[in-house]
Structure formats: structure tokens, C-alpha cells
Protein chains: 2
Amino acid sequence: MRALVYEENKVRLTKDYPEPKASAGEALIRVILAGICRTDLEISRGYMDFKGVLGHEFVGIVEESEDRALMGKRVVGEINAPCGICLYCQRGLGNHCPQRKVLGILGLDGCLADYCILPTNNLHLVPDSVPDEAAVFTEPLAAALQILEQVHIKPTDSCVVIGDGKLGLLVAQVVSLTGCELLVMGHHQDKLDILNRRGIQTKAADDRSHAEPGNKGKKADVVIDCTGKPEGLSQAISLLKPGGKLILKSTFAPQDGSLLFNPAMLVIDEINLIGSRCGPFAPALRLLERELIETSALISAIHPLDEAEAAFAEAGRRGILKVLVNSSQRTQGTQGTEGTQRTQRR
Amino acid sequence: MRALVYEENKVRLTKDYPEPKASAGEALIRVILAGICRTDLEISRGYMDFKGVLGHEFVGIVEESEDRALMGKRVVGEINAPCGICLYCQRGLGNHCPQRKVLGILGLDGCLADYCILPTNNLHLVPDSVPDEAAVFTEPLAAALQILEQVHIKPTDSCVVIGDGKLGLLVAQVVSLTGCELLVMGHHQDKLDILNRRGIQTKAADDRSHAEPGNKGKKADVVIDCTGKPEGLSQAISLLKPGGKLILKSTFAPQDGSLLFNPAMLVIDEINLIGSRCGPFAPALRLLERELIETSALISAIHPLDEAEAAFAEAGRRGILKVLVNSSQRTQGTQGTEGTQRTQRR
């Protein structure tokens, strides 16, 4: 099968990657659409020491499963495959199982391919009304929702989201539904405008008045760092009121992931720092079904899988939002007949 | 001025009620629209021993205020007028100040009239894009949001709202924005349909399977009683899982407010019972501005103030949702010239 593989410090498309086989309790999924995430780019810089097929955001069709109810159904899949028997798993912390595999990130080939494998328990049926182009956002939207799972953001809280990338735009939308006083700070006016059109307040990140979210000289109760950069941490602290909550969504590759940081500033201001990673799929699908989250404006381009190398390069360029890869279409001149549509620009 | 007054166990419209005078720190507000709330009906049955002008939900125009920025502006107003100096007020608990007055409920004439008075600090400017018919819902919407202020409802929580009255429909909409697994139970299919059209799951309250919100035999993490009836409490407990949170939004007049209740059931199931009353206006206005809350379908009728007695009687009838009273219009034959529109049916 076709697959976008990272190995020997290189990302390349191969046409003859061995098709995966589903073991007991697993499902074989034919990928329709897959998304390229910042984490995939970090992996190509050495993050997680991963080797294999990239990609962990997808929507696809179940082709093999012991669960008849899933056969032929359109699904999205949680990316953590826990052992299911350790103490973490017994306590419902499967996402933190020390033996876990993670789709396209840790010990498990990913979904930037024709097929992928996941435990049947990881799969969620996609409601008919949710198009593929929205369903493929379920995983990052779930990651955004994890913030609300971990932290009680009150309607009267003031909250700042730093970063207007793919994740920042999803986090901002999810947090805005709490009714809180929200300000989103970023470097790209065109991305901030996506939020402005939905009535969400934004500010250019280099605006020096950024320490005053409510225009009243006050700092925020909650700051969420979605910059994807080591510097995001200290910027977030500068915006936070004493006793506030700082939520970190950024992960980095080792070589550019370190920063000079004095943790005493967390002690002095009694800041509650909360790391936040993967989140719940069911509520993400509920919000998508109710059309409460804008996803189409977040798509920069859709490439056929045959052009996945170019897609990956494009996803790494500054200012680009979500690049999707379509496995169900083939470019003209390749062996497939299912579709001939080429790269779509948004 | 005209005012709908409760005194001597009777609700009646008077045309010569003394116009209120604003003291220092207070504003005189010309009422545009006022809403009739279940609490007003309870007051007419003896709740709170209140005597005077009824009504606490309104949108109006500031006609007198020391704050020039408010003059001539369209506002809504928080209904609790605290003393501002006691220990409660010092700790930000003004809504619970023992010396507080409450608009149309406790020691302060209400807004079902041509004019009302509130402390300037209680007023919030209404964004231009929010029409009067939506702005008048700010107070009950804030009361709905108070639930999210008090309780962390997680995206993965299962939640049941009991009651499909005015408040229940607002509570359901607010809670649905968390992404949680929500089921609303009520007796009126036409009201539940308002929620169904917004993608919110509902069930008839007499459906015997109601103890299984997720269709998996499981009970709810959070149950919110908006029935406005004493029986709501025990029904709510029957739907709640052990260790769950039960939120009570119902208040009753003394004569029909008692029920046989054994609090040991709260102890055995370790239930967290949380009373919930007034809430924050600013987030309510943010949600209305972003059109995230349906209010127009919640309006059963709009009557001119001259027909407020009939409006009040109508609001008490079974199955009726919000009845609004328009103070800026006068019926034909009365002295006003500003408008001649009669009762509007929805």
C-alpha cells in the first residue's frame, strides 16, 4: 500500500509498504482523509524517536473487524492503544498507560497511508451529517476539549489563548462556548479573522497592551499556551494573574524544546501549571454534529496521498493551517481509478 | 406611571403608581420589555411575602444616572441590590448580602411598569446586535449560566435536565455547549422540539426508561432540576449515579413547597446537592451576542403593558413559555401615541 514514512531522518512516500493485518480486537481501516498535525512535523525533527508511517488524524471506513456493527462504517479513532491490564488502564488512565502504543507517534504505524490498524475499542462512528472534512478534525478537537475536561473554566473567568495555529483556533472555539471573557492572541491576522467572524475577540500577539485582556489592566484567570514554541511558557506566565491556571498544549522535538526557565516564578505567583494532551472523542463528535465548531476555514489544502510528500512540506510552511491528505483519490497517471481530483486549494 | 402591582393577595394594573426617584448611585430606567418569570407567579401565591411592583427581567433605556456613559443607553440589570459594606459584600458575595434588596422580589419595586430603579453598578450595556426580545432573556440566561459557574460539567459527563419550562430550555442550551452527553426530560413535546431542532437529545418525562440517559443502563453524573415542583427533587435523585451532583434551580411558595423527603438517601449515595439561583450577566450577553442561544422560540406572547393583567394570567397557564410585556407600546384608546400595536401571538 501507499504510505508516508519517516525513517533515516527523511519523510518519503512509498508505494509498497506492507499492508497492516488486524489482530484479535483490532480493526483494519481504509483511510479516506488524514490530517497533518504539528506533532507529525515535530516527529520529522526527532520528537518521540518514532520510525514508521506518520499520521494520527483520520476518518476512514472499517474493512475488517470482529465487531459486525462496525463493518463498512465510517469511523474516527482514538490514537492511544493501551495495554488494558496495567494499574493505569484499570483506573481509566489508558491514555497514560506506560506500555501504550500511539498511532503514528509511538510503536504503531500511522494513518497517512491507504490503511491503518487500531483497537476496535478506539473507534467511534461518525454521524452521517458530519462530512469527512469535518470528521478528520475530531482528534485535534478532542485534544482541545481535554482542557475543559481538566480545568473548570467558569463563565465569569477571563481567559487568554496564545497561538493562532490549527490547535489554537480549535481551542479558542471550544473555550468560547463556556461564555468566558476570551481573548486570542496570534501573529496571523487572517487566522485571527476566522475567530473574529465567529464573535471571538482577538489581538495581535505583538500588541504591547496584551497583558490587559479585559482592557482594565487585569490579567487572566486562565492562559492556554498553543504557540507550539518553548517561548510560549514565559509569555503565558506574563499574562496570568497570581493563582491563575496555565494550560500547556505544546510539545517539541528535543533539539529546539529547551528554554531557560526559573520555576520559582510559578511558586511566587502560586500558578497552577497543567499539561494537556489527548482528549475525549465523543464530545468532539457531538460538537461537530451540532455545527458548533468551524473547521472548513481551517483547511489550507487537500492533497491526494500520491502527493503526500509535497503535502507534508507544505504543512511545515509558516502561516499554513491544516493540510489534509486524501487516500481515496488518486492523481492522474497512477494506477487508481476511484478519483482523479488533484490538490484542492482553499 | 403604569405598574403591575401585587398587594392584598391580588395582581392588578394601576395607572397612577408613583414614579420612582433615583438616589445617589442609582439609575432611572425606562422599561422597554419585561418578562414574566415563574418566580413572579410564585410571588402571587405568597413566595417571599413581597408587596409592590412585580417583575425582575427587563431591557430598558437609562433616563437618569450620575454615570454619563450610561445616559440614553440600552441596558439590562442584575436584580440583587446589595448593601455593599457587609462581610458578604466585601467577599464578592453581594448576591447573598443579608441586607440586599431584590428587584420585584424583596424590598424593591420591579420592572413590570413604565420605570424602575437599580443601582448603576447593576447595569450592563446591551450590544447593538442583540434585539430587545433577546436581551430581555439576559437575567434567566445568567441564572442558567450560574450552574456552570458553580459546577464543573466535563465534556465526558452525562447530564440530565428535568423540566422543559422557560428556565429548563435555557439551562439545557447552556449545558449543551459543554459538549457533555445531555438528555432533557419534559412533559411538552412542542417545547422539547425546540431543543431537538438544535441537536439536543430529549425524552418524554413519563417514558419509563428515563433512568437510563445513555441507553446503557447508566445513571447521570449531573442532574439539574428545573421542574419548578417539589417532586423534582426525588425524581432527580432517581436519575443520578452515586457520588453525582444534583443542582436545584426550583423555588416555591411556602404552601406548596414542602415534600416528604429523607435526606439519608443523599448520604447513602454520597450525593452532592447544590442550590443555584442568580448568575452572571456578562457571559449571558456574550452568548446572546454570538447567537448561541435560541430565545425567540421561547416567547409565547408579547402584550402591551396596558394588558399586563391578562399577560400575567396567561403566563400562569400550563404549557405557556415566556410572556413578555411591552412598556413602550400602548393599546389604542389609551393616552400614548408611541405605538398602537396590540398583543402579538407567537
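Two strands pair if DSSP finds at least two bridges between them. Keep that rule at hand for the exercises below, which work on a predicted model.

**Exercise 1. Follow the pairing from strand E11 of chain A back to E3(A), and say in which sense the strands run.**

Step 1. Start with E11(A), residues 123-125. Three bridges link this strand to E6(A), and the sense is antiparallel. One point to look at is A:Gly77, which stands opposite A:Leu123 of E11(A).

Step 2. Move on to E6(A), residues 74-77, which pairs with E5(A) over two bridges, again in the antiparallel sense. Here A:Arg74 is the bridge partner of A:Ile61, and A:Val75 is the bridge partner of A:Gly60.

Step 3. Now take E5(A) and E3(A): seven bridges join them, and they run antiparallel. A:Ile61 turns up here too, as the bridge partner of A:Arg30.

**Exercise 2. Decide how well E5 and E6 of chain A are covered.**

Step 1. A residue counts as buried when its relative accessible area is under 20%.

Step 2. For E5(A), residues 57-64, six of the eight residues are buried, so the strand is largely enclosed by the rest of the structure.

Step 3. For E6(A), check each face in turn. A:Arg74 and A:Val76 lie on one side, A:Val75 and A:Gly77 on the other, and all of them are buried, leaving both faces covered.

**Exercise 3. Describe the surroundings of strand E19 of chain A.**

Step 1. Begin with burial: five of the five residues in E19(A), residues 322-326, are buried. A:Lys322, A:Leu324 and A:Asn326 point one way, while A:Val323 and A:Val325 point the other way.

Step 2. Look at the partner E3(A), residues 26-36, which pairs with E19(A) in the antiparallel sense over four bridges. A:Ile36 stands opposite A:Val323 there.

Step 3. Turn to E18(A), residues 299-304, which runs parallel to E19(A) and is joined to it by five bridges. A:Pro304 has A:Asn326 as its bridge partner.

Step 4. Trace the connection: the chain leaves E18(A), passes through helix H10(A), residues 308-315, and enters E19(A) in a right-handed β-α-β crossover.

**Exercise 4. Work out the arrangement of helices H4 and H5 of chain B.**

Step 1. H4(B), residues 138-150, packs against H5(B), residues 166-176, at an angle of about 50 degrees, and the axes are 9 Å apart.

Step 2. Classify the angle: it makes H4(B) oblique to H5(B). The crossing is right-handed.

Step 3. List who touches whom. H5(B) contributes B:Leu167, B:Leu170, B:Val171 and B:Val174 to the contact. Residues from H4(B) include B:Pro140, B:Leu141, B:Ile147 and B:Leu148.

**Exercise 5. Find the edges of the sheet E2-E1-E4 in chain B, and explain why one side of each edge strand lacks a neighbour.**

Step 1. Write down the order: E2-E1-E4 is an open sheet of three strands with antiparallel pairing.

Step 2. Strands E2 (10-14) and E4 (52-53) of chain B each have a single partner strand, so one side of each is left without a neighbour in the sheet.

Step 3. Check one pairing: E1(B), residues 3-7, and E4(B) share two bridges in the antiparallel sense, with B:Tyr6 and B:Gly52 as bridge partners.

Step 4. Finally, add the helix: H10(B), residues 308-315, lies across E1 and E2 of chain B and runs at about 150 degrees to E2(B).

Conventions
Residues numbered from 1 in each chain as written. Chains lettered and ligands numbered in written order. Predicted model: local features only at pLDDT ≥ 70, side-chain atom pairs only at ≥ 80, totals over all residues. Heavy atoms only, no water. Buried < 20%, exposed > 50% of the residue type's maximum accessible area, 1.4 Å probe, protein only. Right-handed = clockwise from strand over helix to strand, strands pointing away. Axes fitted to C-alpha atoms, helices over the stretch in contact; angles between N-to-C directions. Parallel < 35°, antiparallel > 145°, perpendicular 65-115°, else oblique. Left-handed = near helix turned anticlockwise from the far one by under 90°. Contact = heavy atoms within 4.5 Å.
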